[in-house]
Amino acid sequence: MATVSTAFDVAPLGKDVPFGTIVHGLRHDALRDPDVRQALVDLWIDKGVLLFRDGDATEAMQLDLSRCFGPLEAHPFPESRSEDVPELTKIKFYPEDGSYYSINGELRGGWLPWHSDLTYTNRINRGGILRPVQLPRRLGMTGFLCQIAAWDRLPVALQEKIEGLHVVYEVEVNMELQRYSGVDARLVRLARSGTAIEKRKYGYPRVIHPMVYVQQETGRKILNISPAFAVGIYEDGSPAGDALLAEVMAYCTDNALAYFHEWKSDDMVLWDNWRTLHCAAGIDPDDTRLMERTTIHGDYSMGRDLDGSAAMTRFDA
């Protein structure tokens with residue numbers, strides 16, 4: 001059985017990227033070793049994003065590797081689940097179906113602004129592993145940003161102003177309507193799955209999450225905001241509160257601090273959904289992109305429905 005020192009190699013994610021690492025050569029059999037699994041968890045907590053490359057990249061590997069970091073759960077929206085494996089979420093764009101937008105005047109299929117997954121629920125999932133099934137001819141990059149680094153670069157006065165505040169989130173699948181994306185996005189076509197979700201959206205409660213919290217394992221502070229799905233600051237719904245949130249968003253969505261991953265067919269990427277944002281740069285609307293993602297269960301126990309309920313809302317009703 002492989003030891004930790006022989007199970008994989010690591011390398012920086014990119015030049016001057018303040019987070020993340022590349023894990024080279026990890027094989028499925030190595031996951032049987034508890035020391036290997038623990039080393040991967042420790043690396044994930046430290047770095048936030050792990051790019052698995054030059055190793056096994058099958059569906060079975062994706063599922064078992066994900067379970068090293070926590071139990072899996074199905075996506076709350078049934079339209080997003082794989083029919084064959086409910087623990088897999090399909091992230092797809094086809095020329096005949098899928099949402100596409102005019103982004104600053106340029107058409108992009110499958111585009112998504114900066115966000116953390118499931119932030120519109122009161123229990124944000126712990127993370128996920130994304131694996132390509134079919135890549136487009138060009139474009140299709142996935143961006144990642146570290147919210148620990150974002151917190152560290154906030155001016156002290158702004159840090160002090162937002163500690164103790166909360167952000168309100170709600171379900172909204174039309175990204176043109178996102179208030180804080182920072183992008184001129186115009187919806188051209190909404191995916192069939194998005195249309196089905198949109199019909200039910202008023203049945204889902206708004207939720208709140210703290211703007212800042214501490215990473216339990218390290219004591220580092222995290223700027224805990226998601227531009228997509230954000231409505232405003234719970235403690236201040238005035239224009240001044242909206243301006244404050246927009247100011248903070250500008251710090252946490254600076255593309256100069258981002259890592260944009262250009263996919264290879266055997267890549268897999270794991271991210272810590274509690275401390276990173278991600279986005280999809282989109283593809284040409286006549287092209288195809290199909291990805292599968294796991295959803296790793298977790299609850300940092302700081303979110304709640306605005307109606308006071310602590311129960312997880314049913315999104316498949």
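**Entry 1: the pair R67 and D64**

I began with R67 and D64, whose side chains meet in a salt bridge with an N to O distance of 2.9 Å. The model is predicted, and I treat every value below as computed from it. I placed both residues in helix α3, which covers residues 59–67; they lie 3 residues apart, about one turn of the helix. I then looked up their accessibility. R67 has 44% relative accessibility and therefore counts as partly exposed. D64, with a relative accessible area of 32%, is partly exposed too.

**Entry 2: the pair R126 and E217**

I next examined R126, which forms a salt bridge with E217; the closest N and O atoms are 3.6 Å apart. What does this pair tie together? I located R126 in the loop between β7 (112–115) and β8, and E217 in the loop between β13 (212–214) and β14 (221–223), so the pair ties together parts that are 91 residues apart in sequence. Is R126 buried or exposed? I found 8% relative accessibility for R126, which therefore counts as buried. For E217 I noted a relative accessible area of 48%, so E217 is partly exposed; the upper limit of that class is 50%.

**Entry 3: the pair R179 and D242**

I turned to R179 and D242, whose side chains meet in a salt bridge at 2.9 Å, N to O. R179 lies in the loop between β10 (166–169) and β11 (185–189), whereas D242 lies in helix α7 (residues 239–252), so this pair ties together parts that are 63 residues apart in sequence. I recorded 49% relative accessibility for R179, which counts as partly exposed. D242 stands at 19% and counts as buried, because buried means under 20% relative accessible area.

**Entry 4: the salt bridges of the whole structure**

How many salt bridges does a search of the whole structure find? I obtained 24 salt bridges. I also noted a network of salt bridges that links E106, R108, R138 and D284.

**Entry 5: the sheet and helix α2**

I traced an open sheet of 7 strands, in the order β1-β2-β3-β17-β8-β19-β4, with mixed pairing. Which strands form the edges? I identified β1 (9–12) and β4 (88–93), each of which pairs on one side only. Neighbouring strands of this sheet are turned by 25 degrees against each other on average, with direction ignored.

At the β1 edge I looked at the pairing with β2 (residues 21–24): the two strands run antiparallel, and 4 bridges join them. The bridge partner of P12 in β2 is T21. I then followed helix α2 (residues 34–47), which packs on the sheet and touches β1, β2, β3 (49–53), β8 (127–134) and β17 (268–272). The direction of helix α2 makes about 130 degrees with that of β3.

**Entry 6: the protein as a whole**

I counted 7 helices and 20 strands in the secondary structure. The C-alpha trace spans about 60 × 45 × 40 Å along its principal axes. I compared the radius of gyration with the expectation for a compact globule of 317 residues: that would be near 20 Å, and the protein has 19 Å, which agrees.

Of the 317 residues, 55% count as buried. I noted an exposed area of about 13700 Å², of which carbon and sulfur atoms supply 49%. Lastly I looked up the contacts between residues at least 6 apart in sequence; 84% of these join residues at least 24 apart.

Note on methods: Residues are numbered from 1 along each chain as its sequence is written. This is a predicted model: local features need pLDDT of at least 70, side-chain atom pairs count only at pLDDT 80 or more; totals for chains, interfaces and linings use all residues. Side-chain values use heavy atoms; hydrogens and water are left out. Two strands pair if DSSP finds at least two bridges between them. Axes are lines fitted to C-alpha atoms, for helices over the stretch in contact, and angles run from 0 to 180 degrees between N-to-C directions. Contact means heavy atoms within 4.5 Å. The radius of gyration is taken over C-alpha atoms; the globule rule is 2.2 Å times the number of residues to the power 0.38. Buried means under 20% relative accessible area, exposed over 50%, partly exposed in between (1.4 Å probe, protein chains only). Accessible areas come from the Shrake-Rupley method with a 1.4 Å probe; for residues, only the protein chains shown count as cover. A salt bridge is a side-chain nitrogen of Lys or Arg within 4 Å of a carboxyl oxygen of Asp or Glu.
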